[in-house]
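I opened the file to make a few notes. The entries follow the order in which I looked things up.

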Amino acid sequence: MFFLFMWSLWGANTWNGDSEAYRWQFENAIWNINTNEYEKGYVVLTFILRYIGLSYQQFIGLISFIVLLSVLRYILKYSKYPALFSLMYFFVFIMEFVYLRNYIVHSLLLFGVMLVLEKVKYYKFWFILIVLLATSIHSTAIIGLIFYFAFLNNENKLINIKKVLIYVAFFVFFMAFLFDTLQSVIGSFYLNKLSYYATGGGFSNVFFAHVILVLLVYYFFTTIFKTSKIIPNKVRRWYIIIVNINIVSLFYLGLYFQVPYFARIVRFLFTLDLIFMTSALYYIGNFKLKLRSYTYIWFVFFFIIIMFLKSTLSLTLYPLYKKNIIWGEETYVPKFDYDANE
């Protein structure tokens, strides 16, 4: 029911901060396989759905249904406490829905991780293929290939986080002082992308938030591994892969230094981490350990709330409800410079 409510908010939304750009893309989609546009997957998707007669509003309704259904099925499969997760996820959803293509990419990455967790035949190959498919929706998804290293070798053993932190420190240094060298060896398309989004993030809030998030997840699960003896081997492997995904995600810190735009991947990590952190509570019998584990989870949720409050609520939260076919107010006019004190 809660996910149906989110669908009614997103699927019936008529305006948000990015909707005009997406509407223009949809209404002007053309079939041209010779175009230099790298994100052909999204172009083809919008063209086909417009060709069969869908309006832009119907397109949003369909895409939002598919994306939210994929997340719902994921949590019903892996979360022991889907209601608790859904409450927390609502704040991630509010930050996600505006960035339609990123949201599609994140749902595809969730599917790719699921194939890995379930050990589907040739799952490593399928994961790479899914990342490449996601790249056709939004080109920045290519950096999702780094998650491949989370399950490249022994999936029943945690990656040495201390070594990774050393490598990440070198990468951050490289991106901070030798970024121009990197730009000279990549293609013009990605060079333009980097130039467009590079705003000199430096040691931003999201930089430190990402580090703290990964450390919280790492200590949460390592504590459980040491104290709980009732975790099935299959589930233990799941948790190890999730922790390893977080560890290799630290390499994004170097990208944040020049391109804060890549911080959007944190929303994917929030979803993935909360699903499995809340699920792990099921295997904790000791009261003190459970209390400590809840503390870890609420710290993660605290970071979600901080990011949520720093988002442009006048272009996301308020239009989500008020610029809505079902719940909306006809007289509502969005405030582009929202004053939180009003």
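**Entry 1. A helix pair.** At what angle do the axes of helix α2 and helix α3 cross, and within what distance do they come? The model is predicted, which I note before anything else. I took α2 as residues 19–27 and α3 as residues 40–51. Their axes cross at roughly 70° and come within 8 Å. I therefore put α2 down as roughly perpendicular to α3, since the range for that term is 65 to 115 degrees. On the α2 side I listed Tyr22, Gln25, Phe26 and Glu27 as making the contact, and on the α3 side Tyr42, Thr46, Leu49 and Arg50. I sorted the residues of this contact by class and got 4 nonpolar, 2 polar and 2 charged.

**Entry 2. The whole chain.** I then stepped back to the totals. The protein has 16 helices and 0 strands. Of its 342 residues, 51% are buried. I looked up contacts between residues at least 6 apart in sequence, and 77% of them join residues at least 24 apart. The exposed area is about 17100 Å², and carbon and sulfur atoms supply 64% of that area.

**Entry 3. The core.** Which residues touch the most other members of the largest nonpolar core? I found Tyr74, Phe93, Phe221, Tyr239, Tyr256 and Phe276, in a core of 114 residues. I followed up Phe276. Leaving out residues up to four places away in sequence, Phe276 touches Tyr74, Tyr78, Leu117, Phe221, Trp238, Tyr239 and Ile242. Tyr74, Phe221 and Tyr239 therefore appear both among the partners of Phe276 and in the list of residues with the most core contacts, where the core is by definition a set of buried residues. As background, nonpolar side chains tend to be buried together in soluble globular proteins.

**Entry 4. Positive phi.** I checked the backbone next. Most residues other than glycine have a negative phi. Lys119 is not a glycine, yet has a positive phi of about 55°. Tyr122, also not a glycine, has a positive phi of about 60°. Where do these residues lie? I placed Lys119 in the loop between α6 (100–117) and α7 (123–135), and Tyr122 in the loop between α6 and α7. Are they buried or exposed? Lys119 has 52% relative accessibility and so counts as exposed, because the cut-off is over 50%. Tyr122 is exposed as well, with a relative accessible area of 58%.

**Entry 5. Ala141 and Thr135.** Ala141 sits in the loop between α7 and α8 (161–177). With a relative accessible area of 7%, Ala141 is buried. I looked for its contacts, not counting residues up to four places away in sequence, and noted Val105, Val131, Ala134 and Thr135. Ala141 and Phe262 are 121 residues apart along the chain, and their C-alpha atoms are separated by 9.4 Å. I went on to Thr135, which lies in helix α7. Thr135 is buried too, with a relative accessible area of 10%. From Thr135 to Lys40 I noted 95 residues in sequence and 9.1 Å in space, C-alpha to C-alpha.

**Entry 6. Tyr219.** My last lookup was Tyr219, in helix α11 (residues 205–227). Its relative accessibility is 46%, so I entered Tyr219 as partly exposed. Tyr219 and Val243 are 24 residues apart in sequence, with 9.5 Å between their C-alpha atoms.

Notes
Residues are numbered from 1 along each chain as its sequence is written. This is a predicted model: local features need pLDDT of at least 70, side-chain atom pairs count only at pLDDT 80 or more; totals for chains, interfaces and linings use all residues. Side-chain values use heavy atoms; hydrogens and water are left out. Helices (H or I, at least four residues) and strands (E, at least two) are DSSP runs, numbered from the N terminus. Buried means under 20% relative accessible area, exposed over 50%, partly exposed in between (1.4 Å probe, protein chains only). Contact means heavy atoms within 4.5 Å. Accessible areas come from the Shrake-Rupley method with a 1.4 Å probe; for residues, only the protein chains shown count as cover. A nonpolar core is a set of buried Ala, Val, Leu, Ile, Met, Phe, Trp, Tyr and Cys residues joined through side-chain atoms within 4.5 Å. Axes are lines fitted to C-alpha atoms, for helices over the stretch in contact, and angles run from 0 to 180 degrees between N-to-C directions. Angles under 35 degrees count as roughly parallel, over 145 as roughly antiparallel, 65 to 115 as roughly perpendicular and the rest as oblique. Ala, Val, Leu, Ile, Met, Phe, Trp, Tyr, Cys and Pro count as nonpolar, Asp, Glu, Lys and Arg as charged, and the others, Gly among them, as polar.
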